[in-house]
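Hi there,

Here is the structure I promised to pass on. Have a look at it first, and then read my notes below.

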Amino acid sequence: GRLGVRLLGALEVTSDGRPFDVSGTKQRAVLAMLALQAGSAVSVSRIVDGIWGDDAPESVIASIRVT
């Protein structure tokens with residue numbers, strides 16, 4: 001399948017041309033961060049720093065792995 005992500009304005013995600021709901025605020029932020037780095041590896045530590053900064057909970061790495 002093909003995934004489409006539009007970042008300007010409201011975040012819009014499509015899967016094979018059909019709208020796909022990404023409801024959680026953190027999930028949307030992680031998806032946007034990954035979309036901005038499309039084609040490149042993004043480390044977990046970079047995601048944690050970019051989304052949570054110094055306020056990251058202890059369970060954040062486990063949360064990212066299951067998201």
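**Leu34 and its surroundings**

Leaving aside the neighbours within four places in sequence, Leu34 is in contact with Val42 and Ile47. Before you go further, keep in mind that this is a predicted model. Leu34 lies in helix α1. Is Leu34 buried, exposed or partly exposed? Its relative accessibility is 36%, so Leu34 counts as partly exposed; for that label the value has to fall between the 20% and 50% cut-offs. If you want a distance to try out in your viewer, take Leu34 and Val60: they are 26 residues apart along the chain, and their C-alpha atoms are separated by 17 Å.

**The helix it sits in**

Helix α1 covers residues 25–36, which makes 12 residues. How far should the helix span at 1.5 Å a residue? The expected figure is 16 Å, and the end C-alpha atoms are 17 Å apart, which agrees. Which residues of α1 are buried? They are Val30, Leu31, Ala32 and Met33. The cover over these buried residues includes β1 (3–6), β2 (12–15) and α2 (44–51), in case you'd like to colour those elements and see for yourself.

**The sheet**

Now for the strands. There is an open sheet of 3 strands in the order β1-β2-β3, and the pairing is antiparallel. The edge strands are β1 and β3 (18–19), as each of them pairs on one side only. A bit of background: strands of a sheet pair through backbone hydrogen bonds, either parallel or antiparallel.

Let's take the pairs in turn. β1 and β2 run antiparallel and are joined by 4 bridges. In that pair, Arg6 stands opposite Glu12 of β2, and Val5 has Val13 in β2 as its bridge partner. The two strands form a hairpin with 5 residues between them, and Gly9 in the turn has a positive phi of about 80 degrees.

On the other side, β2 and β3 pair over 2 bridges, again in the antiparallel sense. Here Thr14 has Pro19 in β3 as its bridge partner. β2 and β3 also form a hairpin, with 2 residues between them.

**A residue to check: Asp16**

Asp16 is found in the loop between β2 and β3. What is the phi of Asp16 near? It is near 55 degrees, a positive value in a residue other than glycine. As for accessibility, Asp16 counts as partly exposed because its relative value is 44%.

**The whole chain**

Finally, zoom out. The protein chain has 3 helices and 3 strands, and from the N terminus on, the elements run β-β-β-α-α-α. The C-alpha atoms fill a box of roughly 35 × 25 × 25 Å, taken along the principal axes. How much of the chain is buried? Buried residues make up 19% of the 67 residues. The accessible surface comes to about 5,100 Å², and 51% of that belongs to carbon and sulfur atoms.

Two more numbers for your notes. Among contacts with a separation of 6 or more, 17% are between residues 24 or more positions apart. The chain has 7 positive and 7 negative charges, and the mean positions of the two sets are 10 Å apart.

Happy exploring!

Note on methods:
Residues numbered from 1 in each chain as written. Predicted model: local features only at pLDDT ≥ 70, side-chain atom pairs only at ≥ 80, totals over all residues. Heavy atoms only, no water. Expected span 1.5 Å × (residues − 1). Buried < 20%, exposed > 50% of the residue type's maximum accessible area, 1.4 Å probe, protein only. Contact = heavy atoms within 4.5 Å. Pairing = 2+ DSSP bridges. Areas by Shrake-Rupley, 256 points an atom, 1.4 Å probe, with all protein chains shown as cover. Lys, Arg positive; Asp, Glu negative; His and termini not counted. Charge placed at Lys NZ, Arg CZ, Asp CG, Glu CD.
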